[in-house]
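Welcome! Here are some exercises to help you find your way around a new structure. Try each task on the model before you read its solution.

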Amino acid sequence: MKLLEQRILADGKVRPGGILKVDSFLNHQLDPGLFYDMAQEFRRLFAGERVDKILTVEASGIALAVMTGYVFGCKALFAKKSKSRNISDDVYSAEVVSFTHGSTNTVILSREYLHAGERVLIVDDFLATGAALEGLLALVGQAGAVLVGAGIAVEKVFQGGGDALRAQGVRVESLARVASMSDDGLTFVQD
């Protein structure tokens, strides 16, 4: 998606350790118009697929998941990184390693909101090693739901997560695919 690539080049910042900082428009301060355009692109990419639920993990993917749910006309839900007192013990759970935060979380999703046979599109802001998506795939599997695919805003191709998931048969559609990053900037995969 050229619009997203242009925005990354204009406003993104490459940080040491393979970090792409896009918090001025994607995951701290949010650009609703850009999110709407990204959601519309997911709708185009997954045209013809029935989608009953959009699933993400808290917190950075929530805004994009909500906008995508709006465009698809379905509910959006997110896996929580911690259990609060207002959530029952009747949950699906999976371990997720965060590349950005350098931590491991047990994510949970109430069984009340995801059911066998529902068709799920996973949406997230970043795909690096694929750990977050693996955790969400585990939740979908525990529910007996059907995975439609994964819509990703930014895939860091050089970290291999997308290729590993595609090799497992997961349909991954990324709007911006970063081929490489260095102190001098970044390059995108040319399709």
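## Exercise 1: The end of a helix

Find what follows H4 and look at its phi angle.

Solution. H4 is followed by Gly-144, which has a positive phi, near 75 degrees. Most residues other than glycine have a negative phi.

Before going on, two notes on how to read the values. This is a predicted model, in which local features need pLDDT of at least 70 and side-chain atom pairs count only at pLDDT 80 or more, while totals for chains, interfaces and linings use all residues. Residues are numbered from 1 along each chain as its sequence is written, and side-chain values use heavy atoms, with hydrogens and water left out.

Helices (H or I, at least four residues) and strands (E, at least two) are DSSP runs, numbered from the N terminus.

Now check the length of H4 (residues 131–143).

Solution. The expected span of a helix is 1.5 Å times one less than its number of residues. For the 13 residues of H4 that gives 18 Å, and the end C-alpha atoms are 19 Å apart, which agrees.

## Exercise 2: The protein as a whole

Describe the overall make-up of the protein, starting with its helices and strands.

Solution. Start with the count: the protein has five helices and ten strands. Next, take the radius of gyration, which is computed over C-alpha atoms and set against a globule rule of 2.2 Å times the number of residues to the power 0.38. The radius is 16 Å, close to the 16 Å that the rule gives for 191 residues, so the protein is as compact as a globular protein of that length. Its C-alpha trace spans about 50 × 35 × 35 Å along the principal axes.

Then look inside. Buried means under 20% relative accessible area, exposed over 50%, and partly exposed in between, with a 1.4 Å probe and protein chains only. By this rule, 45% of the 191 residues count as buried.

## Exercise 3: Two helices and their faces

Which residues of H1 are buried, and where do they sit around the axis?

Solution. In H1 (2–11), the buried residues are Leu-4, Glu-5 and Ile-8. They cover an arc of only 100 degrees, which puts them on the same side of H1. The arc is that of the directions from the helix axis to the C-beta atoms. The face turned away from this buried side carries the exposed residues Lys-2, Gln-6, Leu-9 and Ala-10.

A reminder helps here: an α-helix has 3.6 residues a turn, so residues three or four places apart point the same way.

Now repeat the analysis for H2 (residues 32–45).

Solution. The buried residues of H2 are Leu-34, Phe-35, Met-38, Ala-39, Glu-41, Phe-42 and Leu-45. They fall within an arc of 155 degrees, so they line one face of the helix. On the other side of H2, Pro-32 and Arg-44 are exposed. At the start of H2, a side-chain oxygen of Asp-31 comes within 3.1 Å of the backbone nitrogen of Gly-33.

Finally, the partners: the buried residues of H2 pack against H1, H3 (62–72), E7 (119–127), E8 (146–156) and E9 (172–182).

## Exercise 4: The nonpolar cores

Which element gives the most residues to the largest nonpolar core?

Solution. A nonpolar core is a set of buried Ala, Val, Leu, Ile, Met, Phe, Trp, Tyr and Cys residues joined through side-chain atoms within 4.5 Å. The largest one has 30 residues, and those with the most contacts inside it are Leu-4, Ile-8, Leu-20, Leu-26, Met-38 and Val-154. H2 gives the most to this core, with five residues. A second, separate core of 25 residues includes Leu-137, Ala-150, Ile-152 and Leu-165.

## Exercise 5: Two buried residues and an unusual bond

Is Thr-56 buried or exposed?

Solution. Thr-56 belongs to strand E3 (residues 53–57). Its relative accessibility is 1%, so Thr-56 counts as buried. A polar atom of its side chain lies 2.6 Å from the backbone oxygen of Val-123.

Do the same for Gly-151.

Solution. Gly-151 lies in strand E8 and counts as buried because its relative accessibility is 0%. The C-alpha atoms of Gly-151 and Asp-125 are separated by 8.6 Å, though the two are 26 residues apart along the chain.

Last, find the cis peptide bond.

Solution. The cis bond joins Glu-58 and Ala-59, with omega about 5 degrees. Ala-59 sits in the loop between E3 and H3.

Key. Contact means heavy atoms within 4.5 Å. A polar contact is a pair of N or O atoms within 3.5 Å; within protein, one must be able to donate a hydrogen and the other to accept it, and residues adjacent in sequence count only if both atoms are side-chain atoms.
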